[in-house]
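Subject: Structure handover and findings

Dear colleague,

Please find below the structure that I am passing on to you. My account of what was found in it follows directly after.

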Amino acid sequence: MGPARQALVDLHNDGSFPDAALEALLVNVGDVGEIVQVGTHTEEICRSYLVEFGERLVVGCLEEEILPL
């Protein structure tokens, strides 16, 4: 796994998690996860991260939503 990160904001379902209600809380502020992949958001031209918070909960995050530990 990659470097640990802490959520700086509550992360909600934007529609990319079909088993969770839209806007359902996925990750709480302060939860810790590990980066599993880094990419670039093509429209915004910024880094995006896939962060695994707990088992089987991989959430796409923007750089300003997570803090390195």
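Ile-45 takes a positive phi near 50° in the hairpin of E4 and E5, which has 4 residues between the strands. Strands, written E, are DSSP runs of at least two residues, while helices (H or I) need at least four, and numbering starts from the N terminus. The model is predicted: local features need pLDDT of at least 70, side-chain atom pairs count only at pLDDT 80 or more, and totals for chains, interfaces and linings use all residues. Residues are numbered from 1 along each chain as its sequence is written, and side-chain values use heavy atoms, with hydrogens and water left out.

E4 and E5 run antiparallel and are joined by 7 bridges; two strands are said to pair if DSSP finds at least two bridges between them. Within this pair, Thr-40 stands opposite Arg-47 in E5.

A hairpin is also formed by E5 and E6, with 5 residues between them. In its turn, Gly-54 has a positive phi of about 75°. These two strands run antiparallel and are joined by 5 bridges. Ser-48 has Leu-62 in E6 as its bridge partner, and Glu-52 is matched in E6 by Val-58.

The sheet as a whole

Strands of a sheet pair through backbone hydrogen bonds, either parallel or antiparallel. Here 5 strands form an open sheet in the order E6-E5-E4-E1-E7, with antiparallel pairing. Strand E6 (58–62) and strand E7 (66–68) stand at the edges with a single partner strand each, so one side of each is left without a neighbour in the sheet. From one strand to the next, the twist averages 45°; the axes are lines fitted to C-alpha atoms (for helices, over the stretch in contact), and angles run from 0 to 180 degrees between N-to-C directions.

Strand E1 and its partners

E1 pairs with E4 in the antiparallel sense over 3 bridges, and E1 also pairs with E7 in the antiparallel sense over 3 bridges. Arg-5 stands opposite Gly-33 in E4 and opposite Pro-68 in E7. Ala-7 stands opposite Ile-66 in E7. The covered face of E1 holds Arg-5 and Ala-7, and the uncovered one holds Ala-4 and Gln-6.

Gln-6 lies in strand E1 (residues 4–7) and has a relative accessible area of 25%, so this residue is partly exposed. On this scale, buried means under 20% relative accessible area, exposed means over 50%, and partly exposed is in between (1.4 Å probe, protein chains only). The C-alpha atoms of Gln-6 and Gly-30 are separated by 5.5 Å, although their positions lie 24 residues apart along the chain in the sense of a sequence offset. Not counting residues up to four places away in sequence, Gln-6 touches Gly-30, Asp-31, Val-32, Glu-65, Ile-66, Leu-67 and Leu-69, where contact means heavy atoms within 4.5 Å.Put plainly, Gln-6 and Gly-30 are 24 residues apart along the chain.

Strand E6 and the largest pocket

In a regular strand the side chains alternate between the two faces of the sheet. Along E6, Val-59 and Cys-61 point to one face and are buried, while Val-58, Gly-60 and Leu-62 point to the other and are not.

Which residues lie nearest the centre of the largest pocket? They are Asp-14, Val-59, Gly-60, Cys-61 and Glu-65, out of 20 residues that line the pocket. On a 1 Å grid over the protein atoms alone, a pocket is an open set of points with protein on both sides within 12 Å along at least five of seven lines, whereas a cavity is a set where a 1.4 Å probe fits but cannot get out; lining residues have an atom within 4 Å of a point. The largest pocket holds about 270 Å³ of space, a volume being the space filled by probe spheres set on grid points that are joined across faces, edges and corners.

Strand E2 (11–12), strand E4 (32–41), strand E5 (46–52) and E6 each supply at least two residues of this lining. By class, the lining has 10 nonpolar, 7 polar and 3 charged residues; Ala, Val, Leu, Ile, Met, Phe, Trp, Tyr, Cys and Pro count as nonpolar, Asp, Glu, Lys and Arg as charged, and the others, Gly among them, as polar.

Strand E3

Leu-25 is in strand E3 (residues 25–27) and counts as partly exposed at 43% relative accessibility. Leaving aside neighbours within four places in sequence, Leu-25 is in contact with Asp-10, Leu-11 and His-12.

Yours sincerely
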